[in-house]
Amino acid sequence: ESSVAHGAVDLSASDTKTVKRLPQAIIIGVKKGGTRALLEYLRLHPNISAPGPEVHFFDRYHDRGLNWYRGSKCVDEVSGRFLAVCGEQTAAKNRRPKSNAADDDGEQMTIEKTPCYFVKREVPARIHRMSSAIKLIVVVRDPSTRAISDYTQSFSKGRTKRSFDEMLFHDGKEKINERWSAVRIGMYAKHLSKWLPYFPLEQIHFVNGEELINNPVNEMQAVERFLGLPSFISDDHFNFNATKGFPCVKRRHTDTDFRCLGATKGRTHPSLSARTLQLLNQFYARHNKLFYEMTGRDFGWPEKL
Ligand SMILES: Nc1ncnc2c1ncn2[C@@H]1O[C@H](COP(=O)(O)OS(=O)(=O)O)[C@@H](OP(=O)(O)O)[C@H]1O
């Protein structure tokens, strides 16, 4: 309670019988960065409780109020129907054994992920109004790859029939369409600048999306430290599946199989011309540089494929 800033909502307001709480951390982005993988990896942790579906409280359902958010139902991404309760502490406790961490007796942390929050102007102020002490997590990934991933999703959902190049360039010329959302979302510095008036950088943790694929344990240990969780996630939880091309996870050590994310994660990307990739990388170079300066971290994009 003492950490709740003046004017903010008390995140631990629920009494011991009430199991639903507002989140203490939110994965706010970025779309196609690897947010599902991060959430599923975090759910391995016995101290984490998180709704599976995206909640969209701070963009779509804000007018329903915090009680809806606290106790609320989650919304199915596809049908828009309400699903199971969000943030139920006991669910995670019952599902898994507690960790052996001595100094943290199974304190549950509720988190949610809604990747579009990062790029929505109205969201930082709204989250800040709920809690100025909340921890924010952003999975970032080479914005060129992210754009291709975003396009691949739109194409596979039938939202566009046009090619990547047709979407990317204006009038068949080599001028990049900055207003195309697949391009705009990757201008990380621009979006981050909307959050910094509300939250200090120390409260925002950036997960390296490439490393989350190549070295998930390292990335997850950094997330555990950021969230103040006892160390739990280890090599034993992961297995790189060569067919899928991504890490798959073992939920309990008694499980015999490693489970991979579904078919909508890890789609085959279209192959683009070297020229298109070069122009895309050139376009992002200054945005990336600015982002590295703002965060004090060089993510090394464009990623070496
Ligand atoms: N373990 C594992 N399995 C499958 N996919 C993985 C994994 N880890 C990271 N990724 C990458 O996550 C990309 C999808 O990102 P998001 O989950 O953030 O997408 S979404 O915004 O929620 O739609 C997804 O993008 P695509 O490859 O374009 O499908 C993956 O590259």
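These entries record what I looked up around the ligand in a predicted model.

**Entry 1: the shell.** I began with the residues around the ligand and found 18 of them. The closest are T35, R36, A37, S149 and F246. I then asked which elements give two or more residues to this shell. They are the helices α1 (35–42), α5 (143–156) and α9 (209–214), together with the strand β9 (246–249). The largest share comes from α1, which gives three residues.

**Entry 2: composition.** I sorted the shell residues by character. Seven are nonpolar, six are polar and five are charged.

**Entry 3: the record.** I consulted UniProt, where an unreviewed entry carries the feature "binding site". The annotated positions are K32, G33, G34, T35, R36, R141, S149, K265, G266, R267, T268 and H269. I selected K32 and R36 from this list for inspection.

**Entry 4: K32.** I located K32 in the loop between β1 (25–29) and α1. Is K32 buried or exposed? K32 is buried, because 26 other C-beta atoms lie within 10 Å and the threshold for a buried residue is 20 or more. Leaving out residues up to four places away in sequence, I noted that K32 touches R146, S149, D150 and Q153.

**Entry 5: R36.** I located R36 in helix α1. For R36 I counted 19 other C-beta atoms within 10 Å, so this residue is partly exposed. With neighbours within four places in sequence set aside, R36 is in contact with L261 and K265. Of these contacts, K265 is also listed under the UniProt feature "binding site".

How values were computed: Residues are numbered from 1 along each chain as its sequence is written. This is a predicted model: local features need pLDDT of at least 70, side-chain atom pairs count only at pLDDT 80 or more; totals for chains, interfaces and linings use all residues. A residue is near a molecule or strand if its C-beta atom, placed from the backbone, lies within 6 Å of it. Helices (H or I, at least four residues) and strands (E, at least two) are DSSP runs, numbered from the N terminus. Ala, Val, Leu, Ile, Met, Phe, Trp, Tyr, Cys and Pro count as nonpolar, Asp, Glu, Lys and Arg as charged, and the others, Gly among them, as polar. UniProt positions are given in the numbering used here, feature names are shortened, and annotations may be inferred rather than shown by experiment. A residue is buried if 20 or more other C-beta atoms lie within 10 Å of its own, exposed if 12 or fewer, and partly exposed in between; C-beta atoms are placed from the backbone. Two residues are in contact if their C-beta atoms, placed from the backbone, lie within 7 Å.
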